[in-house]
Amino acid sequence: MSLLIRNGRVITASDDYVADVYCENGTITAIGRDLPADRFHADRTIDASGKYVIPGGIDVHTHLNMPFGGTTSADDFESGTIAAAFGGTTSIVDFAIQYRGQTMRHALEDWRKRADGKAVIDYGFHMIVTELEDAGLEEMDRMVRDEGVTSFKLFMAYPGVFMVDDATIFRALRRTGENGGLVCMHAENGGVIDELVKEALRKGETAPKYHALTRPPTAEGEATGRAIALSEMAGVPIYIVHLSAAHALEKVKQARDMGLPAYAETCPQYLFLSYDNYEEPGFDGAKYVMSPPLREKWHQEVLWKGLAKNDLQVISTDHCPFCMADQKILGKDDFSKIPNGAPGIETRLTLVHDGGVRHGRISMNRFVELCSTTPAKMFGLFPRKGTIAVGSDADIVVFDPDRKATLGVKTLHMKVDYNPYEGRTVHGSPSHVICNGEVIIDGDAFVGRKGAGRFLQRGPSQAPSGL
Ligand code: URP
Ligand code: ZN
Ligand code: ZN
């Protein structure tokens with residue numbers, strides 16, 4: 001299969017020029033002005049005049065088909081990756097969970113079964129670690145060396161479920177210094193939050209907004225600072241996931257100013273939504289129950305500035321959808337029982353382009369860097385993914401800056417009965433999405449194939465060399 005994308009504005013993290021891009025057998029094989037049709041025969045030609053030609057989005061934080069909060073996230077690897085494709089994402093890195101008493105090998109096999117034969121785009125896994133004895137440390141080495149699972153998520157929150165103590169975190173961090181892995185940290189002070197939750201429930205404060213009020217930004221700031229201090233003592237890089245609060249960003253910024261290899265991602269929900277959403281009538285605040293929670297509105301501009309100045313390096317989604325009707329409702333009389341998470345896998349590029357590029361907060365190059373290039377570098381996929389270059393996988397989005405989209409349950413493809421951005425109109429969305437050289441989104445139609453996505457054996461992070 002060969003494909004020629006003619007006359008688009010090719011934008012990478014560093015370049016911006018008009019050219020044709022030719023793809024053959026899943027790889028980009030030529031880029032140039034007016035490539036001659038006799039030499040570059042194409043089974044299909046797409047006219048990208050007036051459009052951006054950008055590397056496929058890479059979402060390094062998704063939870064598809066994940067058991068959590070007494071239920072399972074609503075999108076599986078088929079529906080979730082189709083939705084991702086509609087939104088211009090061509091690779092994801094999801095999370096396998098090593099439960100206590102189980103091995104990482106078992107966890108990886110389990111999650112491979114959930115994804116293999118279903119995903120329509122490429123996928124890799126981070127490993128969530130919930131305990132780490134000596135055998136676990138050796139398994140970490142094997143994951144990095146043999147399985148291409150080169151990153152490990154640890155939690156400072158959710159006591160009794162995922163939370164691990166500082167000693168465990170330190171052991172994991174130290175080991176990554178030997179095996180080349182990268183620790184990803186959920187940084188919230190779970191012990192303090194647990195006390196605040198119990199206190200609220202004792203007082204009869206059961207509504208969804210108390211989820212946010214019992215998880216203050218200082219709990220995130222404290223944990224972020226502690227996580228970075230642990231990584232400094234271990235002498236290794238650290239990556240903070242789903243950073244939501246200025247308090248936490250300040251800790252990352254301080255560390256980076258000191259020259260420490262501290263990195264962080266934020267997510268669109270923290271850039272576009274706020275605490276006010278929890279005040280929506282009735283039980284609607286449950287739509288936004290996620291951890292960390294949405295913050296007061298003023299945090300948004302602080303995060304945007306962090307993105308522009310490279311204090312934040314990545315935008316991921318933390319896509320973890322639960323339906324209002326039969327899942328969020330589990331916490332109708334007790335906010336602590338509302339499954340934590342919200343949908344977002346489909347709306348990342350269009351929201352960030354609209355709110356970031358169109359509103360002058362970040363450049364198009366930075367948009368590509370945040371949503372594709374740095375995710376690829378951070379998680380060992382670059383230059384195979386994350387750029388438009390000869391030899392890279394032909395994962396390409398033809399992005400029409402003028403194509404309007406109205407976000408909502410009826411127009412989007414995630415398998416969830418609400419959307420946090422319902423009714424919002426955004427300018428700019430993909431007209432064509434190409435994964436491994438195959439067109440999988442053609443206008444409004446999905447034309448890809450269930451199971452076409454490939455498992456990504458990732459290499460080591462490029463974080464140690466500085467990002
Ligand atoms: O609320 C969230 N973020 N749900 C997904 C699990 C996690 O901590 O990332
Ligand atoms: Zn988390
Ligand atoms: Zn998550």
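How are the donor residues of the zinc ion (ligand 2) spaced in sequence? The tour below begins with that metal site and then moves outward. The model is predicted, and every value given here is computed from it.

**First stop: the zinc ions**

Please select the zinc ion (ligand 2) together with Lys 153, His 186 and His 242. These residues coordinate the ion through the NZ atom of Lys 153, the ND1 atom of His 186 and the NE2 atom of His 242, at 2.1 to 2.2 Å. The answer to the opening question is the pattern K-x32-H-x55-H. Lys 153 and His 242 link distant parts of the chain, being 89 residues apart. Lys 153 belongs to strand 11 (residues 151-155), whereas His 242 is in the loop between strand 13 (238-240) and helix 8 (246-257). Next, add the zinc ion (ligand 3) to the selection; 4.0 Å separates it from the zinc ion (ligand 2).

**Second stop: ligand 1**

Now select ligand 1 and display the residues around it. There are 14 of them, and the closest are Lys 153, His 186, Ser 291, Asp 318 and Asn 340. Lys 153 and His 186 will be familiar from the zinc ion (ligand 2). By class, the shell comprises 5 nonpolar, 7 polar and 2 charged residues.

Three contacts deserve inspection in turn:

- Asp 318 places a polar side-chain atom 2.6 Å from a nitrogen atom of ligand 1.
- Asn 340 contributes a backbone N or O atom, 3.0 Å from a nitrogen atom of ligand 1.
- His 242 has a polar side-chain atom 3.5 Å from an oxygen atom of ligand 1.

Is ligand 1 buried or exposed within the protein? Taken alone, ligand 1 exposes 270 Å², and the protein buries 99% of that area. The space that ligand 1 takes is the largest cavity.

**Third stop: backbone features**

Most peptide bonds are trans, and most residues other than glycine have a negative phi. The remaining selections depart from these patterns.

Return to Ser 291, one of the residues closest to ligand 1. The peptide bond from Ser 291 to Pro 292 is cis, with omega near -5°. Pro 292 is located in the loop between helix 9 (268-272) and helix 10 (298-308).

Then select Phe 382 and Pro 383, which are joined by a cis peptide bond with omega near 5°. Pro 383 occupies the loop between helix 12 (364-378) and strand 16 (396-406).

Finally, select Tyr 158, in the loop between strand 11 and helix 4 (166-179). Although Tyr 158 is not a glycine, its phi is positive, at about 60°.

Terms used: Residues are numbered from 1 along each chain as its sequence is written. Chains are lettered from A and ligands numbered from 1 in the order in which they are written. This is a predicted model: local features need pLDDT of at least 70, side-chain atom pairs count only at pLDDT 80 or more; totals for chains, interfaces and linings use all residues. Side-chain values use heavy atoms; hydrogens and water are left out. A residue is near a molecule or strand if one of its heavy atoms lies within 4 Å of it. A polar contact is a pair of N or O atoms within 3.5 Å; within protein, one must be able to donate a hydrogen and the other to accept it, and residues adjacent in sequence count only if both atoms are side-chain atoms. Accessible areas come from the Shrake-Rupley method with a 1.4 Å probe; for residues, only the protein chains shown count as cover. On a 1 Å grid over the protein atoms alone, a cavity is a set of points where a 1.4 Å probe fits but cannot get out, and a pocket is an open set with protein on both sides within 12 Å along at least five of seven lines; lining residues have an atom within 4 Å of a point. A molecule sits in a cavity or pocket if more than half of its atoms lie within 2 Å of its grid points. Ala, Val, Leu, Ile, Met, Phe, Trp, Tyr, Cys and Pro count as nonpolar, Asp, Glu, Lys and Arg as charged, and the others, Gly among them, as polar. Donors are N, O and S atoms within 2.8 Å of the metal (3.2 Å for Na, K and Ca); water is not among the atoms, so sites may look incomplete. Helices (H or I, at least four residues) and strands (E, at least two) are DSSP runs, numbered from the N terminus.
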